[in-house]
Amino acid sequence: MPELILPKELIAKMDKAGPRYTSYPTADKFNSSYNEQTHKNTLSLLEKDATNEINSLYFHIPFCKSVCFYCACNKVITMHQYRADSYVDILLKEIALVSSHFDKKIKVGQIHFGGGTPTYISDEQIAKILLEVKKYFDVTEDLECGIEIDPRTVDHKRLIYLQTLGFNRISIGVQDFDGDVQKAVHRIQPFRQVAELYLTAKKLGIPSINMDMIYGLPKQTEETFSHSLETLLDLRPDRVALYAYAHIPERFKPQRRINEEDLPSADERLKLLSMAIYELTKAGYIYIGMDHFALPDDPLAIAKKRGELQRNFQGYSTHAKSNLIAFGVSAISHINGHYAQNHKELDDYVEAVEQNKLPTLRGYSLSKDDLLRNEVIMQLMCKGKISFTEIEDKYSINFQTYFSRELLKINSLVEEELCVLNSDSLEVTTKGWFLIRAIAMQFDKYLQQKQVRLIKFSKIV
């Protein structure tokens, strides 16, 4: 068993909840004063400012045939295919509605389908969505097109068809290979099913294959998780997303079906994480940050090396500074300093689009201070370094003066050897990367306010 990545004493000190910073400000700050009209204005500005820039599109497919007890996603559990059929029609209408605010086609270099289970809908429906995208957007020749796959819904023939549609990046939901763990979270998928899908993808030459794993699930032990990691490394996917299970049953009803006595303790979770990081890095994976690992020749590892990483609601991305236009129920767009979230309830989302309205529920327009702090936090999350000079030149401030209060608090993290404070930069250490959220939190203005309830966030480790 490898040594713990961090001393127990430090973990105990840092054992608190905090944002994952897929956005700043975080989504809990979104409000209804950002409405449909506000979003129309945002879209019109995008058309003026970013016609020649590369943008990203996200499509949320919420449907699943059965519930996974750990899941915290916006989802609709149903066996009725007709619900998905009508949903796709609404998605197509939303694409046309959004595009009606552009005089020229917006360039798109990245498309991602998430869920729910994106492969719940049929191949023909996925093809319809992509055709509609090409009708209204200027899709680049080197398009990065990704989709999240439940291996129980995709076979050899279907994967071939997805590739012909242009998908060159797939993410396979594994979570854990152990049978007892799978039963405990109500997601049973035999190893053979996952392996056949993966080997087919490799044979087809799909250039980037990710596998999702989760540590901290019920019934996980050092022994079972070690076997799961060994199985994962035998397959050797291009990327690995290693998520920490966040048990928040008061917020997510399916989690109430998990027996809390079966969950690993805080010490056990730390051992599982330490084991995973040790085995992945020993096997040659580059630690991207937070919960992502990639082989050295994967675009994600190359983007990190070049300083081109971006962090958004799908995690780490290869398209730096790319605007994100999102479609579907609860989907969140991020466009030129504005966040816009669609209705969270399916019926509300459908009703709005049917009435030819943008289905905007709420959002947030970043202030100058928000934009500045967003830049600082994202430099930390993506590069592990803040360049004071770069921030000063861009925002016309004196960094040490503007953030004097924050830098005082950073001193305690410097003493813990989580970061190094220089005269012109703040750099995250190797040890600090594992607590990057704690470092970023020091620059979060909203966490400095009184009566902030951290319970809405997951634990840092």
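## Close-up views of helix packing and two single residues

**View 1. Helix α7 and the elements that cover its buried side chains.** In this predicted model, the residues of α7 that are buried are Val 194, Ala 195, Leu 197, Tyr 198, Thr 200 and Ala 201. Among the elements that cover these buried residues of α7 are the strands β5, β6 (169-175) and β7, together with the helices α5 and α8. Helix α7 itself runs over residues 191-204, and its 14 residues reach 20 Å from the first C-alpha to the last, close to the 20 Å expected at 1.5 Å a residue. Just after α7 comes Gly 205, which takes a positive phi of about 80 degrees.

**View 2. Helix α9, its span and its surroundings.** Helix α9 comprises the 17 residues 266-282, which at 1.5 Å a residue should span 24 Å, and the distance of 24 Å between its end C-alpha atoms agrees with this expectation. Buried in α9 are Arg 269, Leu 270, Leu 272, Leu 273, Ser 274, Met 275, Ala 276, Ile 277 and Leu 280, a list that includes the charged residue Arg 269. The cover over the buried residues of α9 includes the helices α1 (8-13) and α8 (222-235) as well as the strands β7 (208-215), β8 (239-244) and β10 (292-294). Following α9 is Gly 284, with a positive phi near 100 degrees.

**View 3. The packing of α8 against α9.** The two helices α8 and α9 pack with their axes 10 Å apart and at an angle of about 25 degrees. Because this angle falls under 35 degrees, α8 counts as roughly parallel to α9. The crossing of α8 and α9 is right-handed. From α8 the contact draws on Glu 222, Phe 225, Ser 226, Leu 229, Leu 232 and Leu 233, and from α9 on Lys 271, Leu 272, Met 275, Ala 276, Glu 279 and Leu 280. Sorted by class, the residues in the contact of α8 with α9 are eight nonpolar, one polar and three charged. Leu 272, Met 275, Ala 276 and Leu 280, which take part in this contact, are also among the buried residues of α9.

**View 4. Helix α3 and its oblique packing against α11.** The 19 residues of α3 should span 27 Å at 1.5 Å a residue, and the end C-alpha atoms, 28 Å apart, agree with that value. Buried in α3 are Ala 84, Tyr 87, Val 88, Ile 90, Leu 91, Leu 92, Glu 94, Ile 95, Leu 97, Val 98 and Ser 99. Helix α3 (residues 81-99) packs against helix α11 (residues 346-354) at an angle of about 45 degrees, the axes being 10 Å apart, and this angle makes α3 oblique to α11. Where α3 passes α11, the crossing is left-handed. The residues making the contact are Arg 83, Tyr 87, Ile 90, Leu 91, Lys 93, Glu 94 and Leu 97 on α3, and Leu 346, Tyr 349, Val 350, Val 353 and Glu 354 on α11. By class, eight nonpolar and four charged residues, but no polar ones, make up the contact of α3 with α11.

**View 5. The packing of α4 with α5.** Helix α4 (residues 123-136) and helix α5 have axes that come within 11 Å and cross at roughly 10 degrees, which makes α4 roughly parallel to α5. The contact involves Asp 123, Ile 126 and Ala 127 of α4, together with Arg 158, Tyr 161 and Leu 162 of α5. In terms of class, the contact of α4 with α5 has four nonpolar and two charged residues, with no polar residue.

**View 6. Arg 152 in a loop.** Arg 152 lies in the loop between β5 (137-149) and α5 (156-164), and its relative accessible area of 29% means that Arg 152 is partly exposed. Leaving aside residues up to four places away in sequence, Arg 152 touches Ser 66, Cys 68, Arg 187, Ile 188, Gln 189 and Gln 193. Of these partners, Arg 187 is 35 residues from Arg 152 in sequence, while the two are 9.7 Å apart in space, C-alpha to C-alpha.

**View 7. Leu 324 in strand β13.** Leu 324 belongs to strand β13 (residues 324-327) and is buried, with a relative accessible area of 3%. Not counting residues up to four places away in sequence, Leu 324 touches Ser 56, Leu 57, Tyr 58, Gln 314, Ile 332, Ser 333, His 334 and Ile 335. Leu 324 and Glu 148 are 176 residues apart in sequence and, C-alpha to C-alpha, 18 Å apart in space.

Key:
Residues are numbered from 1 along each chain as its sequence is written. This is a predicted model: local features need pLDDT of at least 70, side-chain atom pairs count only at pLDDT 80 or more; totals for chains, interfaces and linings use all residues. Side-chain values use heavy atoms; hydrogens and water are left out. Axes are lines fitted to C-alpha atoms, for helices over the stretch in contact, and angles run from 0 to 180 degrees between N-to-C directions. Helices (H or I, at least four residues) and strands (E, at least two) are DSSP runs, numbered from the N terminus. Angles under 35 degrees count as roughly parallel, over 145 as roughly antiparallel, 65 to 115 as roughly perpendicular and the rest as oblique. A crossing is left-handed if the near helix is turned anticlockwise from the far one by less than a right angle, and right-handed if clockwise. Contact means heavy atoms within 4.5 Å. The expected span of a helix is 1.5 Å times one less than its number of residues. Buried means under 20% relative accessible area, exposed over 50%, partly exposed in between (1.4 Å probe, protein chains only).
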